[in-house]
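Please open the model in your viewer and keep the sequence panel beside it, so that each selection can be made by residue number. The tour goes from stop to stop, naming what to select and then what is there.

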Amino acid sequence: MTQLQSLRGMVDLLPEQTRCWQAVESVARDHFRRAGLQEIRTPLLEVTELFARGIGEATDVVGKEMYTFVDRGDRSCTLRPEGTASVVRAALQHGLLSQGPQRLWYGGPMFRYERPQAGRQRQFYQIGVEYLGVGSPRSDAEVIALAWALLVDLGVQGLVLEINSLGTLQDRQKYREELVAWLEARSDQLDDDSRKRLYTNPLRILDSKNPAISELLQDAPTLFEALSVESKARFEEVQVDLEALQIPFQLNPRLVRGLDYYGHTAFEITSDQLGAQATVCGGGRYDGLVEQLGGAPTPAFGWAFGMERLMLLLEAAASINPNGSAARLTASTRPDLYVVNRGEQAERVALVIAHQLRAAGLVVELDSSGAAFNKQFKRAGRSRATWALVIGDDEAERGEARLKYLQEATTQANPIPIDQLHRLDDVTGLVRLVRE
Ligand code: ATP
Ligand code: MG
């Protein structure tokens with residue numbers, strides 16, 4: 001029989017990876033907690049119209065990347081390709097926006113039918129933040145700072161924050177006309193993709209990955225030049241705030257985001273260590289989306305980062321600096337205690353002790369092989385446990401176990417009374433027992 005495989009672009013996370021993922025998630029949660037954010041969890045499946053309306057028909061995501069199907073009730077459903085539209089839908093559906101500004105975060109799998117490669121999958125995992133009902137330029141800087149501080153804290157190297165302003169809808173309409181006219185005059189130099197986008201989503205041409213197009217665009221008019229005086233002043237304020245926060249940034253007048261709902265501040269955090277998929281985090285202001293999804297006009301700002309790309313960066317950072325914070329994230333936890341046990345009576349006693357010590361808060365690995373003592377000791381060493389608790393039938397008979405310190409080459413194993421063990425609440429208690 002042929003061995004079944006996961007779908008292309010859908011990846012398993014094995015224990016060695018989930019360990020690191022959990023560490024990153026807990027650092028992120030802690031940052032969010034300190035910033036007063038609350039978690040929101042929305043379904044993976046939504047009505048297709050949510051994304052068509054929210055993200056925009058002319059975007060790559062909606063145009064060619066969605067997992068869409070008709071369910072048994074004849075509804076068109078889509079596996080969420082991103083989190084923002086769902087978060088806004090949920091906030092509207094449950095009236096959260098009438099309760100004042102919402103500072104939310106989410107984490108979970110997203111689905112896009114793309115060509116899989118390093119840092120690009122069909123199911124990938126995003127962690128994101130959405131501030132709803134907060135409109136000041138200052139909040140743009142605050143939310144960008146949250147992403148920056150988190151990535152820096154994780155120990156990721158070589159980060160560059162690029163920012164741009166996409167202005168207002170009017171700014172973009174004006175610029176769109178200028179850009180289309182400029183590109184029409186050079187249509188012979190455009191590739192098929194760009195020619196297709198010329199009238200559907202011309203701003204996206206700025207984001208083209210084709211080097212010939214990027215080269216051509218060097219001389220194109222920029223969106224920044226087309227911004228109104230007010231939009232420029234607003235953007236200036238965001239920059240002053242970022243400077244006050246001592247967050248280094250670069251202006252990138254060609255930065256446009258892939259989703260239609262962005263306006264004013266847009267940003268990406270990239271790293272030179274990611275190759276072609278250089279963007280680890282992206283986001284910006286999307287003041288029009290809540291209204292577009294049927295709510296009252298509500299300012300909003302958010303970002304998301306991709307866990308897979310972040311993991312690639314952490315691996316790189318850990319290999320460069322084995323003692324840095326990225327390396328600590330990938331380290332496995334050591335058991336406090338490895339229980340070596342052999343013999344009919346001893347094994348039952350060991351089972352009960354392990355159970356009690358775990359309940360007391362210790363990390364306990366119970367050898368369940370029934371193998372010879374020397375084999376079990378080898379495994380205890382490999383587990384990197386601090387202590388071994390040794391129980392054979394003789395010890396069990398006497399109501400004793402022996403405790404051996406594994407971090408030094410000592411042969412000494414000290415007897416301790418088993419009936420005292422359940423009173424322990426940490427490892428130091430064990431040591432005290434030996435001394436008594
Ligand atoms: P890209 O230009 O790389 O396609 P994007 O603009 O489509 O990115 P966003 O929609 O802004 O990406 O998503 C935010 C982040 O989610 C990205 O910066 C990236 O880290 C991650 N991401 C997006 N698509 C994928 C994917 N297919 N596989 C893995 N991570 C992804
Ligand atoms: Mg994309």
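What follows is a walk through a sheet, two cores, two helix pairs, one covered strand and three single residues.

**Before starting**

This is a predicted model, in which local features need pLDDT of at least 70 and side-chain atom pairs count only at pLDDT 80 or more, while totals for chains, interfaces and linings use all residues. Residues are numbered from 1 along each chain as its sequence is written, chains are lettered from A and ligands numbered from 1 in the order in which they are written, and side-chain values use heavy atoms, with hydrogens and water left out.

**Stop 1: an open sheet**

Helices (H or I, at least four residues) and strands (E, at least two) are DSSP runs, numbered from the N terminus, and two strands pair if DSSP finds at least two bridges between them. Select the five strands that form an open sheet in the order E13-E12-E14-E15-E16, where the pairing is mixed. Strand E13 (364–366) and strand E16 (414–417) stand at the edges with a single partner strand each, so one side of each is left without a neighbour in the sheet. From one strand to the next, the twist averages 30°.

Now select strand E12 (residues 337–342), which runs parallel to E13 and is joined to it by three bridges; Leu337 has Val364 of E13 as its bridge partner.

Add helix H14 (residues 344–359), which lies across E12, E13 and strand E14 (387–392) and runs at about 160° to E13. Axes here are lines fitted to C-alpha atoms, for helices over the stretch in contact, and angles run from 0 to 180 degrees between N-to-C directions. Helix H15 (residues 373–382) lies across E12, E14 and strand E15 (400–405), running at about 170° to E12.

**Stop 2: two nonpolar cores**

A nonpolar core is a set of buried Ala, Val, Leu, Ile, Met, Phe, Trp, Tyr and Cys residues joined through side-chain atoms within 4.5 Å, where buried means under 20% relative accessible area, exposed over 50% and partly exposed in between (1.4 Å probe, protein chains only). Select Phe32, Ile269, Trp303 and Leu310, which touch the most other members among the 49 residues of the largest core. Helix H5 (residues 137–154) gives the most to this core, with 10 residues. A second, separate core has 48 residues, including Leu190, Leu223, Leu227 and Ala304.

**Stop 3: helix H5 and two helices that cross it**

Keep H5 selected and add helix H10 (residues 229–244); their axes come within 8 Å and cross at roughly 40°. Angles under 35 degrees count as roughly parallel, over 145 as roughly antiparallel, 65 to 115 as roughly perpendicular and the rest as oblique, and H5 and H10 are therefore oblique to each other. Contact means heavy atoms within 4.5 Å; it is made by Pro137, Arg138, Asp140, Ala141 and Ile144 of H5 and by Arg234, Glu237, Val238, Asp241 and Leu242 of H10.

Next, replace H10 with helix H1 (residues 15–34), whose axis comes within 10 Å of that of H5 and crosses it at roughly 140°, so that H1 and H5 are also oblique to each other. Here Val24, Val27, Ala28, His31 and Phe32 in H1 meet Leu146, Ala149, Leu150, Asp153 and Leu154 in H5.

**Stop 4: a covered strand**

How many of the seven residues of strand E11 (residues 300–306) are buried? Seven of its seven residues are buried, with Ala300, Gly302, Ala304 and Gly306 on one side and Phe301, Trp303 and Phe305 on the other.

Select strand E6 (residues 123–132), which pairs with E11 in the antiparallel sense over seven bridges, Ile127 having Phe305 as its bridge partner in E11. Strand E10 (residues 279–285) also runs antiparallel to E11, joined to it by five bridges, and Gly282 stands opposite Ala304 in E11.

**Stop 5: three single residues**

Select His264, in strand E9 (residues 263–271), which has a positive phi of about 55° although it is not a glycine; at 14% relative accessibility, His264 counts as buried.

Arg384, in the loop between H15 and E14, has a positive phi near 60° and is likewise a residue other than glycine. Arg384 is partly exposed, with a relative accessible area of 33%.

Finish at Thr410, in the loop between E15 and E16, which counts as partly exposed at 21% relative accessibility. Leaving aside its neighbours within four places in sequence, Thr410 is in contact with Lys404 and Tyr405.
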